[in-house]
Each structure stands twice: as structure tokens, then as C-alpha cells.
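Student: I would like to work through this model step by step. Where should we begin?

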Amino acid sequence: MTMSANARALDVRALEPVRALRAGLRRPERSEAEAAVRTLIRWAGDDPEREGLAETPARVIRALEEFFAGYAEDPAAILQKSFAEIEGYDEMVVLRDIRFESHCEHHMAPIIGTASVAYVPCGRVVGISKLARVVEVYARRLQIQEKLTAQIANTIDEVLKPHGVGVIVKALHHCMATRGVHKPDTSLVTSRMLGCFRDNSQLRQQFLGMAG
Ligand SMILES: [Zn+2]
């Protein structure tokens with residue numbers, strides 16, 4: 001109970017529609033987005049019309065399309081197909097070190113890291129690549145690591161309804177590495193434990209050991 005109240009307070013409910021869609025915000029035209037990049041180049045002190053920069057706004061927008069492709073995808077839908085023929089398998093399933101690239105919502109700077117995802121199935125399992133896809137879809141949005149971690153765990157919990165879910169995320173934040181405090185070797189570790197991973201410290205330790 002505390003857990004779901006907590007999740008709501010953090011506004012990280014897995015199945016929440018993307019805020020921009022809910023608010024009915026108009027998506028700018030590509031030409032408007034490219035003009036915004038030209039403005040930023042001028043603001044940085046360079047000439048967006050010079051040869052080397054002429055194609056840059058178009059390239060930046062194509063890169064942003066890739067970085068933020070996760071807004072167009074529904075992570076819950078990825079987990080919809082699951083398999084029940086598992087011969088009573090009820091031990092932990094762990095997918096370790098799923099590499100991801102995300103962007104922090106405070107600086108739009110890269111967050112590069114790995115996620116380890118575990119769950120204890122309750123009658124159903126999903127294809128393991130689907131767990132990696134869920135990580136990827138949430139990563140390809142503007143994020144803070146705490147929210148990313150919670151969204152991955154909450155989605156698996158809500159859609160697959162396992163006995164428990166554990167997620168550990170370790171990442172390097174470029175907004176800390178290349179600006180601000182300039183700490184390039186510092187990584188942030190976050191975790192979210194639900195169900196049996198929260199209640200059973202032995203299971204949690206086992207997962208932490210495997211993901212460490
Ligand atoms: Zn940042």
C-alpha cells in the first residue's frame with residue numbers, strides 16, 4: 001500500500017500517458033525545431049549559415065528523433081505477450097547489464113548506463129528481449145535516473161503481475177561529468193524493489209550480488 005501511494009506521489013505510475021499527449025500540446029513542425037537549433041548556434045556565438053554548420057540543424061533534429069523515440073512507444077504494450085508454459089518455474093529471472101542511453105531532463109545531457117532487471121514469475125514469463133525494450137523505451141525520454149528506475153519496475157509489476165520485481169540502474173551523468181562539478185568517474189546507483197524483492201531480504205541480497 002505504502003508502495004503504490006509512494007509511486008503516485010512521485011508521479012511515476014507506469015501506465016500514465018505521456019504528459020505532452022495528455023496536455024494536448026501541439027508538436028512543432030520540423031522546420032520550427034531546426035530554426036530553434038539555428039538560434040542556439042547563434043546564441044553559442046557561431047554563424048549557423050557557414051558551410052560547416054549549414055546542415056547541422058537538420059542533423060541535430062534527426063539525432064533528437066532517435067534520442068527521444070521512446071515518447072512514441074508504449075512500454076506496457078511491449079510486455080503484453082507473455083508465456084504460461086513454464087513448468088512451474090518460480091525462481092528469479094535476471095537480465096543483467098542492459099546498456100542504455102538516456103538524457104537528463106534538467107540539462108538534456110546524456111546519461112549512459114546499465115540496468116539490471118529481475119522478477120520472480122507468477123505463472124507467466126515474457127521474452128527476455130522485451131525487458132530490454134522496456135528499459136530502452138523509458139530511456140529514450142527526458143529522464144531523471146530515479147524516475148527511470150521506478151518506471152521500469154512499475155511497468156513490469158503492473159503488466160506482468162509477478163511475485164516481485166527488482167531493478168538496479170547504474171549510470172554516468174554527463175551533466176555532472178562535463179560541466180558543473182566535473183566528476184567524470186562518479187556514477188549514480190538507484191534501485192527499486194517491489195513485492196518479494198522488497199519483503200525478502202535474502203532474495204534482494206541474491207539479486208544485488210548478481211547485479212553487482
Ligand atoms: Zn542534468
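Tutor: Begin with a convention for angles between axes: under 35 degrees counts as roughly parallel, over 145 as roughly antiparallel, 65 to 115 as roughly perpendicular, and the rest as oblique. Keep in mind that this is a predicted model.

Student: How are α6 and α7 oriented to each other?
Tutor: Helix α6 covers residues 128-139 and helix α7 covers residues 145-160. Their axes come within 10 Å and cross at roughly 140°. Angles over 145 degrees count as roughly antiparallel, and 65 to 115 as roughly perpendicular. The crossing angle fits neither class, so α6 and α7 are oblique.

Student: Which residues of α7 does α6 meet, and what is the handedness of the crossing?
Tutor: The α6 side supplies Val 134, Val 135, Tyr 138 and Ala 139. They meet Leu 148, Gln 151, Ile 152, Thr 155 and Ile 156 in α7. The passage of α6 across α7 is right-handed.

Student: How many residues of that contact are nonpolar, polar and charged?
Tutor: Sort the contact of α6 with α7 by residue class. Gln 151 and Thr 155 lie on the α7 side, and Gln and Thr count as polar. The division is seven nonpolar, two polar and no charged.

Student: Now the strands. Which way do β2 and β3 run, and how many bridges join them?
Tutor: Strand β2 spans residues 93-104, and strand β3 spans residues 110-120. One pairing has Val 93 opposite Tyr 119 in β3. The two strands form a hairpin with five residues between them. They run antiparallel, and the bridges number nine.

Student: Which strand pairs with β3 over ten bridges?
Tutor: Look at Gly 113, which stands opposite Ala 171. Ala 171 belongs to β6, a strand of residues 164-173. The pairing is antiparallel, and the partner of β3 is β6.

Student: How many of the residues of β3 are buried?
Tutor: Burial here needs 20 or more other C-beta atoms within 10 Å. Strand β3 is mostly covered. The count of buried residues is eight of eleven.

Student: What is the phi of Met 108, and is the residue buried, exposed or partly exposed?
Tutor: Met 108 sits in the loop between β2 and β3. Its phi is positive, about 55°, although Met 108 is not a glycine. Most residues other than glycine have a negative phi. With 13 C-beta neighbours inside 10 Å, Met 108 is partly exposed.

Student: And His 182: buried or exposed?
Tutor: His 182 lies in the loop between α8 (174-177) and β7 (187-195). Its phi is also unusual in sign for a non-glycine residue: positive, about 50°. It has 9 C-beta neighbours inside 10 Å, and 12 or fewer is the cut-off for exposed. Therefore His 182 is exposed.

Student: Is Phe 207 buried or exposed?
Tutor: Phe 207 is found in helix α10, residues 201-211. It has 26 C-beta neighbours inside 10 Å. The threshold is 20 or more, so Phe 207 is buried.

Student: What is the C-alpha separation of Phe 207 and Gly 166?
Tutor: Leaving aside neighbours within four places in sequence, Phe 207 is in contact with Met 92, Val 94, Ala 118, Gly 166 and Phe 197. Gly 166 is 41 residues away along the chain. The C-alpha separation of Phe 207 and Gly 166 is 7.7 Å.

Student: Finally, what percentage of the 212 residues count as buried?
Tutor: The protein has ten helices and seven strands. Among contacts between residues at least 6 apart in sequence, 71% join residues at least 24 apart. The buried share is 29%.

Technical notes. Residues numbered from 1 in each chain as written. Predicted model: local features only at pLDDT ≥ 70, side-chain atom pairs only at ≥ 80, totals over all residues. Axes fitted to C-alpha atoms, helices over the stretch in contact; angles between N-to-C directions. Helix = DSSP H or I, 4+ residues; strand = E, 2+ residues; numbered from the N terminus. Left-handed = near helix turned anticlockwise from the far one by under 90°. Contact = placed C-beta atoms within 7 Å. Pairing = 2+ DSSP bridges.
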